[in-house]
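Here is a quick tour of the complex, starting with the bigger picture and ending on a single residue. Have a look at the sequence and the coordinates before reading on.

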Amino acid sequence: MSLKEEVEILRQIPLFAKIEPSKIKLLAFTSERLTFQPDDLVCEQGDNGDAAYFIMAGEADVIVETPSGPLTVATLGKNDVVGEIAILIDVPRTATIKAKTELTTLKITKDVFFRMVTEFPEMAVEMMRVLAERLVRTTDDLQKAKEMIRSDD
Amino acid sequence: MEHNIYKYILRYSKKQQVILTIMSILSFPALYYYLELPKIIINQAIQANDIAFPVEYAGVEFDQIAFLYLTVGLFLLMVIVNQLFKYMINVYQGITGERMLRRLRYELYCRILRFPMPTFKKKSPGEIIPMITSEVEPLGGFIGEAFALPIFQGGYLLVIVGFLVVQNWIMAVAAIALYPLQAYFIPILQKKVNLLGKTRVRLVRVLSDQLGEAVSGVEEVHAHDASSNMRAHFSNQLDKIYTVRYRIYLLKFVIKFLNNFIQQLGPFFFYGIGGTMVINGTLEVGTLVAAIGAHKEMAAPWKELLAYYQRREDARIKYEQVIEQFEPAGMRDADNQLIEPEEIPHLEGELVASNIELSDDTGSKILEGLSTRFKLDERIAIIGPAGSGRESLTHVLARLIDPDRGRLMAGNVNMITAPEAIVGRKISYVGQHGYVFNTTLGENLFFGLKHRPLHEKSYAGDEELERNTYIKNAELTGNSSDDIEANWHDYKLAGVADEDELNARALDILEMVDLSEDVYRLGLRSTINPEEAPETAELVLAARRRVFEKIENNPSLKNMIEAFERNHYNTNASVAENLLFGTPVGEEFDLDRMAENEYVQKIIEEAGLTETFLKMGYQVATLMIELFADLPPDHEFFQLYGFISSDDLPEYQAMISRIDSERLDNLREEDRLRFMSLPFKVIPSRHRLGVLTDDIEEKIVAARHRFAEELPPHLKDSVAFFDADAYNAATNLQDNILFGKIAFGFAQATEKIGAALAEVVEEMSLRSTIIAVGLNFTVGTAGARLNATQRQKLCIARAIIKNPDVLILNQTTSGFDTATQARLMKSILNEFKGRCLIWSLDHAEKTADFDHVLIMRGGRIVEQGSPQKLKENSAPYKELLAAS
């Protein structure tokens, strides 16, 4: 896959939609493209995070360790971002990401990521939108869970 | 050592000085005739004064022309004889001086090795080094001429004075009348110069000490912005030296002035007194002219004598000042290091210390009548608060410091008087910061086994002659003639039979001190010479094949490494590497500057790739400008990812706007080179630039073949080509085994390939071979290429491998992290079960696994016993436990 193709893929990711193509090119050029074999771990819950991964091809499972064992909470695919929480705030990885199929990602390090966010406020806004959406979804899930508990009573 | 330089000279070079003196005296007649002959040639042979031709010599008759040739022939002979004498005397003087200098330096060095340890608290290397290197240097020159010069020049002077006396005694007296004046004043002034000279030497020593401190403490200087202060101090010292030197110059030139003035007073008297006498008719004009001529002749030897006097004083001061520094109180006897006992006793039974006293340089007591006894088959911990004398006790027990008084017996060996041959072999000591020498890891590890050359190397033919000369020279100068090429390893001491067993033991000990993994890694990154180690190279090649198989059979690994294949383009290597297809040796092919190499240019041209490369260069430059143009020049991306440095970027920008991409065949030379240099750096799978098409790759592979085939003979040694079946001497073991590039873009590729490599190493039992290679790793100045922990572990390993009866550790592991400390302590305690281990520790709770504990306080041992017993009923022990 050449740089040009990577740029094409990156531009379809909503987060980068409003950024100049030349900047996306720089992002692609300075970032490592990483391929994971099925069952390879992209990151492990509890580790310190130093990079986020943009999925360019393939699928990955998001797995959370629970007292009753590992639980797959979501499956991510093309154009999704993983691992951004740990680099936004200094917390250990909140989940384990495991390649489900052969997985091609673009690894964006913390430094590059912050540079992009500070240089392009649009990206920060987009980031907020993604996080807000996720919050809405989580709140929704929480609501449902509470109702389920109540109806169980 | 002799305090007087003349005594020293006579003691060690009396014979040479006598020979030099005799040679000087023997040269007089020839010198005399050399001066005399021109007169005869002019007066008799040419002008035929006072002579009637033909003359008869030894039964042969000479007419005037023949006589002229006879005399000039004799003159030529005298010139040759004279020069031969000069040559012989100079060479012999040089040899004598150099030998004495060698002896002196050697003796001073030996003294450093015998200095009592506390001396080094006061003397820094910055002071000691210049004394032995530069300060004594002029002494060599002086020693050669010490006797010969005054005798020769003095004799010459006497001859001339004699000649003058014969001519006219009044004139003679007049000529030398002022010499007493000179002989009186010059020494007085010289004494002042001497004193200043002494001061200067001392000041320069302080200067070199400051220099040493600046280098050693450079971290602190930066960390505290102290450079101004350092500069001021240095400047201050330079000023002191300048002032002293200024005064020396003033005095030196006053002396010179006086000398010249008095010398010129001679003619004044000659013309005055002699002139009066000629007028009065008591002196002939001819005699006056001869006297003036003779006086002129006197000037040279007299000047030489005065200069000699100055040099002599200079040498005397330097000698005395140096010697005085090398006689600290409490220095050990030379015999203490030289005696080789017939039998090295085994230290066993009990160690008994009684009434040991030790004070520091201020006179305050560190050990106050310390007495103790313990068994030499126990592991002993020494604990106590700071300042209790714990450290000093380990120094005294290791015999690094001599106590002021007291007895120290190990079994029936008196440790105070025992030579180093016993204490240095049977006792090991490691302090908090062990020293690592600038040689290989292995040499450092076996340092403690090299006491004497035990297995002499045998020489034959020319080498034998060379060796004999070496021994002769060493003996003539009182130097050591021990052969550094001999095998010094004391196998018996280490408890092994030969080198192989020693190496096996070394592996065990590296494992014991937790260092083998580090050495293994260093080994992987080391190169070997396959001619010297063919077996290792063979094993590496076998490992390469094995890794190949492993990767072939494992689909997930297969993509992670791209092997070097002669007929395939390697997409994980740069274009430069692909073209060279080997490792550069030396400077000729620099992977970063391939475009500038003429041979490379020729190959590219012949492969029809020049235009392609220029185009690629143009494309890369355009892309780089697009990506990087907006970045600030100091941005790290330039360094990390840029093909073009931020300094060169504007240059390329200008080029791109000036040059039409369709007209690249018509470029200026420097533009061409700029574009050409870019494609060489492209690594397709890393940069994903898409500039290398399959077609170009094929052409590069073809060019690669041509590159190797047409390589001219003088470049043959500049590159070690990749060959799947041959060991590559220019690259390290790991790259030789992997023989390929780890692919970009595969998660954990390095780890996974590393794991595969480790498996192969395990399966083939290669680890010890690789560790052996790692032992050849050069550690750098003071071990700078190792980290502090590795250095310290190496020092511990060195102390253990010599198999000591007593191992003394002085807070040796306190710099390690807790886990490492615990691990090391466990394995060392285990190794020394039933042997004597004395360990000074800073925490009482660490003593639990020892057999015996000594508790120190105020320079004495206040209690001792097993840790269990002490724990129950010792108040000081409980106190220390509570404090830690």
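Let's begin with how chain B is wired: of its contacts between residues at least 6 apart in sequence, 77% link residues at least 24 apart. Keep in mind that this is a predicted model.

As for secondary structure, chain B has 36 helices and 18 strands. Its radius of gyration comes out at 40 Å, whereas a compact globule of 884 residues would sit near 29 Å. Along the principal axes, the C-alpha trace of chain B covers about 120 × 95 × 60 Å. Burial fits into the same overview: 31% of the 884 residues in chain B count as buried.

The domain assignment splits chain B into domain 1 (5–325), domain 2 (527–564 + 722–775) and domain 3 (574–714). Note that domain 2 is written as two segments, 527–564 and 722–775. Taken over C-alpha atoms, the centres of domain 1 and domain 2 of chain B are 68 Å apart.

Now for the interface. Here 17 residues of chain A are in contact with 12 residues of chain B. On the chain A side, helix 1 (3–12), helix 2 (21–30) and strand 1 (32–36) each supply at least two of the residues that touch chain B. Sorted by class, that side of chain A has six nonpolar, five polar and six charged residues.

Chain A also has some strand pairing to look at, with strand 7 (residues 96–99) taking part in both pairs below.

| Strand of chain A | Partner in chain A | Direction | Bridges |
|---|---|---|---|
| strand 2 (residues 41–43) | strand 7 (residues 96–99) | antiparallel | two bridges |
| strand 4 (residues 60–66) | strand 7 | antiparallel | four bridges |

At the residue level, Leu41(A) has Lys98(A) in strand 7 of chain A as its bridge partner. Ala60(A), meanwhile, stands opposite Ala99(A) in strand 7 of chain A. As background, side chains in a regular strand alternate between the two faces of the sheet.

Last stop: Thr610(B), found in helix 24 (residues 610–628) of chain B. Is Thr610(B) buried, exposed or partly exposed? It has 16 C-beta neighbours inside 10 Å, so Thr610(B) counts as partly exposed; buried would take 20 or more, and exposed 12 or fewer. Leaving out residues up to four places away in sequence, Thr610(B) touches Ile604(B) and Glu605(B). Thr610(B) and Arg672(B) are 62 residues apart in sequence, yet their C-alpha atoms are 9.8 Å apart in space.

Technical notes
Residues are numbered from 1 along each chain as its sequence is written. Chains are lettered from A and ligands numbered from 1 in the order in which they are written. This is a predicted model: local features need pLDDT of at least 70, side-chain atom pairs count only at pLDDT 80 or more; totals for chains, interfaces and linings use all residues. Two residues are in contact if their C-beta atoms, placed from the backbone, lie within 7 Å. Ala, Val, Leu, Ile, Met, Phe, Trp, Tyr, Cys and Pro count as nonpolar, Asp, Glu, Lys and Arg as charged, and the others, Gly among them, as polar. The radius of gyration is taken over C-alpha atoms; the globule rule is 2.2 Å times the number of residues to the power 0.38. Two strands pair if DSSP finds at least two bridges between them. Domain bounds come from an automatic or database domain assignment.
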